[in-house]
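Here are my notes for anyone opening this one for the first time. Keep the viewer handy and go point by point.

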Amino acid sequence: MKIQHTAATMVILGLLSGSGVTESKGGAASPGPVANTLSTAQTPDRLYISWREHLIDDSAIAGISITGSDGLKMADLDLDGYPDIVSVHESDTRYDGVADGLIRIAFGSENPHRWELRTLASGAEAGAAEDVAIGDINGDGYPDVIAACELAHLIYLQNPGKSARTTPWPRAIPKVTRGRGSFIRVFLADFNGDGRLEAVAANKGEQNPNHRKATPRPVSIYHIPEDPLDADAWHEQVLGHHLIPQNARPVDLDSDGDLDVIAGSRGEARIIWYENRFPSAFRFTAHPIEIEGGRGSGFNLAFKDMNRDSRIDIILSVNWGLGWIEQPADPSAPWRHHRIGTFQPDSMTGFALADINSDGRSDIIAGSYSSGPRNMDGNVTPNHALGRIGWFACPADPTKPWQRHDISRRKRGMFDQIIPMDMDRDGDIDFLSTRGNSEPYDGVFWLEQVRTLRPEPAFTRARKVDSLEMPLPSSRK
């Protein structure tokens with residue numbers, strides 16, 4: 001683990017433009033931008049934690065327009081020993097209904113600052129690409145890619161093998177998914193233990209559905225033929241219908257050795273457990289999950305036994321912020337919710353679990369969704385919903401208050417998915433993510449965790465020019 005010895009003091013901050021403290025009109029000190037605030041986060045051995053941004057892919061680096069960045073996954077696609085990144089980009093700054101998008105690969109190397117970039121799919125076949133999954137679908141040993149497009153299908157992209165960096169990837173749009181409305185999440189899993197992957201996806205109906213006019217849409221498993229490029233041979237098994245379903249995540253919720261599906265419905269503001277009845281082939285039983293005193297749509301979900309009672313709990317955004325719900329002995333009983341924290345007024349979207357401060361407990365990093373214009377900073381204030389990144393330190397008892405550490409808060413930003421990874425191999429956890437709602441700053445980046453003997457500004461940005469950093473709202477939430 002590297003310890004960076006930097007000259008951190010308020011004296012140096014005072015010499016920087018946009019220092020961590022500003023003067024109000026009345027002459028009293030008021031909080032400055034979050035990024036410039038000295039970090040108070042520490043490891044158990046009293047090292048201070050701050051963050052440095054590194055760019056991987058954006059419009060300036062790629063030389064093409066990259067906007068509306070959303071999902072991403074990592075895997076070693078060419079089997080060279082280094083993880084690669086597959087990311088998807090909607091290619092818009094508003095819901096325009098135009099089927100356009102990008103699926104991109106950043107091939108990795110031994111150097112986390114050196115990436116080989118290429119476009120895997122573009123245009124209508126990647127129409128408003130929203131999410132991606134990676135797995136060896138055709139059984140040749142090389143990871144393949146499947147993407148969910150909001151306009152309006154799933155697309156399978158077959159890894160050509162050793163020439164993955166240089167040759168086109170064969171592809172197919174399964175017939176049963178064509179023109180189906182709006183796919184927003186896709187995952188791969190082996191539900192019956194036969195060694196072959198199935199795809200599971202929710203279809204929310206429209207790219208920007210009207211809650212009042214929405215009709216129930218399917219959450220489905222897609223059975224993949226022996227030749228996945230045979231677009232006519234994919235078969236859909238509908239698990240259930242919901243209003244604006246937006247997630248269908250495989251997880252062994254009941255710890256019985258097979259994978260179930262947890263679905264999330266925005267229109268119903270609830271989550272549903274589809275219990276896998278294996279060994280009965282592909283039979284699933286739906287169980288509504290009742291959250292005690294709260295509601296959750298399951299846009300992003302994580303799973304962990306938080307209280308060590310040998311039952312899997314669920315981490316999710318609920319109506320008041322980020323929390324976890326405790327699985328009861330009888331899962332049909334109400335699940336007790338426990339507060340983690342909030343970014344209010346910022347709207348929390350992506351999050352991930354990882355031991356950030358090396359204390360042996362799973363902390364949570366999260367990002368928010370800015371509500372202002374996507375292609376300019378606009379006339380938004382600290383009290384509007386802005387683009388924030390922050391993390392919550394898990395206490396010894398996860399039912400007790402979690403401490404929030406803010407990293408950055410900009411006028412623009414949307415952080416849909418976040419992946420924990422020690423990118424620089426220095427022994428601490430870094431994070432990989434996409435950023436949307438920020439043209440021309442959309443794309444893929446990673447956050448380097450920096451540990452120092454003295455407190456440093458919470459965040460060091462990669463660009464000289466970026467969306468304006470902002471303070472916390474006046475209520476200090």
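1. Start with R165, which is partly exposed because its relative accessible area is 25%, between the limits of 20% for buried and 50% for exposed. Keep in mind that this is a predicted model. R165 has a salt-bridge partner in D78, with 2.7 Å between the closest N and O atoms. The two come from distant parts of the chain, 87 residues apart: D78 sits in the loop between β5 (69-75) and β6 (84-89), and R165 in the loop between β11 (153-157) and β12 (171-172). Unlike R165, D78 counts as buried, since its relative accessible area is 12% and the limit for buried is under 20%.

2. Next, have a look at D57 and R104. They make a salt bridge too, and here the closest N and O atoms are 3.0 Å apart. This one links strand β4, home of D57, to strand β7 (residues 102-107), home of R104, across 47 residues. Are the two ends buried or exposed? D57 is buried, with a relative accessible area of just 3%, and R104 is buried as well, at 5%.

3. A third salt bridge worth a click joins D428 and R451, with the closest N and O atoms 3.8 Å apart. Again distant parts of the chain are linked: D428 is in the loop between β30 (418-421) and β31 (430-435), while R451 is in strand β32 (residues 443-452), 23 residues away. Both residues are buried.

4. How many salt bridges does the structure hold? The total is 27, so expect plenty of charged pairs as you browse, given that a salt bridge needs a Lys or Arg side-chain nitrogen within 4 Å of an Asp or Glu carboxyl oxygen. Some charged residues are linked in a network: E53, D58, R410, R435, R463 and D466 are tied together by salt bridges.

5. Now for the rings. There are six aromatic pairs in the structure. One of them is F191 with F284, an edge-to-face pair with 5.8 Å from centre to centre and 80° between the planes. F191 lies in the loop between β13 (183-189) and β14 (198-203) and F284 in strand β20 (residues 284-289), so this pair ties together parts 93 residues apart in sequence. Both F191 and F284 are buried.

6. Compare that with F343 and F392. Their ring centres are 5.6 Å apart and their planes meet at 25°, so this pair counts as stacked. F343 is in the loop between β25 (335-341) and β26 (347-354), and F392 is in strand β28 (residues 387-393), so the contact ties together parts 49 residues apart in sequence. F343 and F392 are buried, both of them.

7. Moving to the surface, E226, D227, D230 and D232 form a negative patch. Take D230 as a sample: you'll find it in the loop between β15 (217-223) and β16 (235-242). D230 counts as partly exposed because its relative accessibility is 35%.

8. Last stop, R46, in the loop between β3 (29-31) and β4 (48-58). Why does R46 count as exposed? Because its relative accessibility is 58%, and the cut-off for exposed is over 50%. For a sense of scale, R46 and P279 are 51 Å apart from C-alpha to C-alpha, with a separation of 233 residues in sequence.

Conventions. Residues are numbered from 1 along each chain as its sequence is written. This is a predicted model: local features need pLDDT of at least 70, side-chain atom pairs count only at pLDDT 80 or more; totals for chains, interfaces and linings use all residues. Side-chain values use heavy atoms; hydrogens and water are left out. Patches are made of residues with over 30% relative accessible area and no salt bridge: like charges are joined within 9 Å, nonpolar side chains (Val, Leu, Ile, Met, Phe, Trp, Tyr) within 5 Å. Accessible areas come from the Shrake-Rupley method with a 1.4 Å probe; for residues, only the protein chains shown count as cover. Lys and Arg count as positive and Asp and Glu as negative; His and the chain ends are not counted. The place of a charge is taken as NZ of Lys, CZ of Arg, CG of Asp or CD of Glu. Helices (H or I, at least four residues) and strands (E, at least two) are DSSP runs, numbered from the N terminus. Buried means under 20% relative accessible area, exposed over 50%, partly exposed in between (1.4 Å probe, protein chains only). Rings of Phe, Tyr and Trp (its six-membered ring) pair if their centres lie within 6.5 Å; planes under 30 degrees apart count as stacked, over 60 as edge-to-face and the rest as tilted.
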